[in-house]
Amino acid sequence: MLSIPSGKVVFSGIQPTGIPHLGNYLGAARQWVDIQKSNQCIYCLVDMHALTVWQDPQTLRQQTLEQAAILIAAGIDTNKHILFNQSAVTAHARLAWIFNCVARIGWMNRMTQFKDKAGKNREAHSAGLYVYPNLMAADILAYKANCVPVGEDQRQHIELTNDIAQKFNHDYQIDFFPKVDEFIPKTSAKIMNLRDGTKKMSKSDPSAQGRIEMLDTDDEIASKIKRAKSDSEPLPSEIEGLQNRPEATNLITIYAAVTDKSIESVLQQYGGQGFSTFKTALADVLVEIIRPIREETKKLVADPGHLKKVLKQGAEKASAIAEPIVSEAEYIVGFLK
Ligand code: TYM
């Protein structure tokens, strides 16, 4: 576990598509909750990012509310911190346009997430998917945030955010945007697919068997863990014994993250045993973590009016911070004010 920073402006975002999974939770949302104690936190449901691939409009609206409910159920404190949906604060789009003009095409071409998502058929994807990282930089810098809790897959986007901030400051000869630090957990930064330990756990995987979703029932969790791919060797007692065993590594990593233990101590406990006892223990701890979040989410989604109100208030608070910053950036680049 990394030590939690304090006194920072924290910003992070999640796409309101599908149901968030254990990777989203262990890689990001859990840190969002922990970091609230000693920092000013701004959390965003990035509906504009979601639109970079086709979304059914009604489903996107519903999932935005459901995602808000899940985050609140997981412990985001909307009285002390800010939770809102991206499209409700126009400053993001305005700053993103400026960043589209600051970032270079060569920088975009290096983005591995675009390459992964677009695959071989790049020409058929939206232009939005290509400039997606510039909008992400705008999300962060519209608040001059300097700490961004994310999973490993977002590291390159944070590096790009710093490149954009630096180029902006350099081009306009002003020390305006701060340096941004990513906050990436040590053990749970990349949770892998339960059916293939070489693939990231992902919402876009067609089969839900490879991921634990934050609204799965106790039985679904137990069955997915029971059927998770493993191997024929017993669990090792030392870390070296996990080499070339991606599925075993992933299950141990999940257990260590959920129980807040080191991988070493989990291996000491389960080393030499087969997977079946370990999988039962893993399913039990996951059920204990997910059940209260699932149950609280159910209550919250039953009152969409309340969720809308929370997001609207969040957007007003977010706007009050972002508006002067983005307005100043617009002045710096030469827009009439
Ligand atoms: P998104 O919606 O794909 O994922 C939300 C968060 O979950 C983390 N994550 C994982 N962590 C560990 N293991 C996994 N298998 C896993 N899958 C996802 C992601 O790293 C992320 O932290 N571009 C972002 C959203 C975004 C954003 C931002 C984040 C938009 N603007 C500004 C930070 C700051 C995304 O698509 O996350």
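A residue counts as buried under 20% relative accessible area, as exposed over 50%, and as partly exposed in between. With that scale in hand, Glu 316 falls in the middle class, because its relative accessibility of 47% makes it partly exposed. The value, like the others in this section, comes from a predicted model.

Glu 316 is a convenient place to start, since it has a charged partner along the same helix. Its salt bridge is with Lys 312, and the closest N and O atoms of the two are 3.5 Å apart. Both residues lie in helix α13 (residues 304-333), and because they are four residues apart there, about one helical turn separates them. Lys 312 has a relative accessibility of 55%, so this partner counts as exposed. Elsewhere, salt bridges with shared partners tie Asp 218, Glu 288, Arg 291, Arg 294, Glu 295 and Lys 298 together in one network.

Side chains of opposite charge can pair when their charged atoms come close. By the rule applied here, the count of salt bridges comes to 21. Two further pairs help to illustrate the set. Asp 77 and Lys 80 meet through their side chains at 3.8 Å, N to O. Of these, Asp 77 is partly exposed, at 24% relative accessibility, whereas Lys 80 is exposed, at 66%. In the other pair, the side chains of Arg 155 and Glu 182 form a salt bridge at 3.4 Å, N to O. This pair links distant parts of the chain, with Arg 155 in helix α8 (residues 155-171) and Glu 182 in strand β5 (residues 181-183), 27 residues apart. Arg 155 is partly exposed, with a relative accessible area of 30%, and Glu 182 is partly exposed too, at 30% relative accessibility.

On the scale of the whole protein, the division is into domain 1 (9-189 + 304-333) and domain 2 (208-299). Their centres, taken over C-alpha atoms, are separated by 29 Å. To the contact, domain 1 gives 14 residues and domain 2 gives 17 residues. The size of an interface is often given as the accessible area lost when the parts come together. For domain 1 and domain 2, the area buried between them is about 1,400 Å², with 78% of it on carbon and sulfur atoms.

What, then, does the rule find across the interface of domain 1 and domain 2 in the way of salt bridges? The number is zero. Polar contact does occur, and three residue pairs between domain 1 and domain 2 are counted, both residues being at pLDDT 80 or more. On the side of domain 1 that touches domain 2, the elements giving two or more residues are α1 (22-34) and α3 (57-74). Helix α3 supplies the largest share of that side, five residues. By class, the same side of domain 1 has nine nonpolar, three polar and two charged residues.

A closer look at one residue rounds off the picture. Ile 19 sits in the loop between β1 (9-14) and α1. With a relative accessible area of 23%, Ile 19 is partly exposed. Leaving aside residues up to four places away in sequence, Ile 19 touches Glu 66, Ile 70, Lys 203, Glu 213, Met 214 and Leu 215. Leu 215 is 196 residues from Ile 19 in sequence, yet their C-alpha atoms are 7.3 Å apart in space.

Definitions and conventions: Residues are numbered from 1 along each chain as its sequence is written. This is a predicted model: local features need pLDDT of at least 70, side-chain atom pairs count only at pLDDT 80 or more; totals for chains, interfaces and linings use all residues. Side-chain values use heavy atoms; hydrogens and water are left out. Domain bounds come from an automatic or database domain assignment. Contact means heavy atoms within 4.5 Å. Buried area is the accessible area (1.4 Å probe) that two parts lose on being put together, summed over both. A salt bridge is a side-chain nitrogen of Lys or Arg within 4 Å of a carboxyl oxygen of Asp or Glu. A polar contact is a pair of N or O atoms within 3.5 Å; within protein, one must be able to donate a hydrogen and the other to accept it, and residues adjacent in sequence count only if both atoms are side-chain atoms. Ala, Val, Leu, Ile, Met, Phe, Trp, Tyr, Cys and Pro count as nonpolar, Asp, Glu, Lys and Arg as charged, and the others, Gly among them, as polar. Buried means under 20% relative accessible area, exposed over 50%, partly exposed in between (1.4 Å probe, protein chains only).
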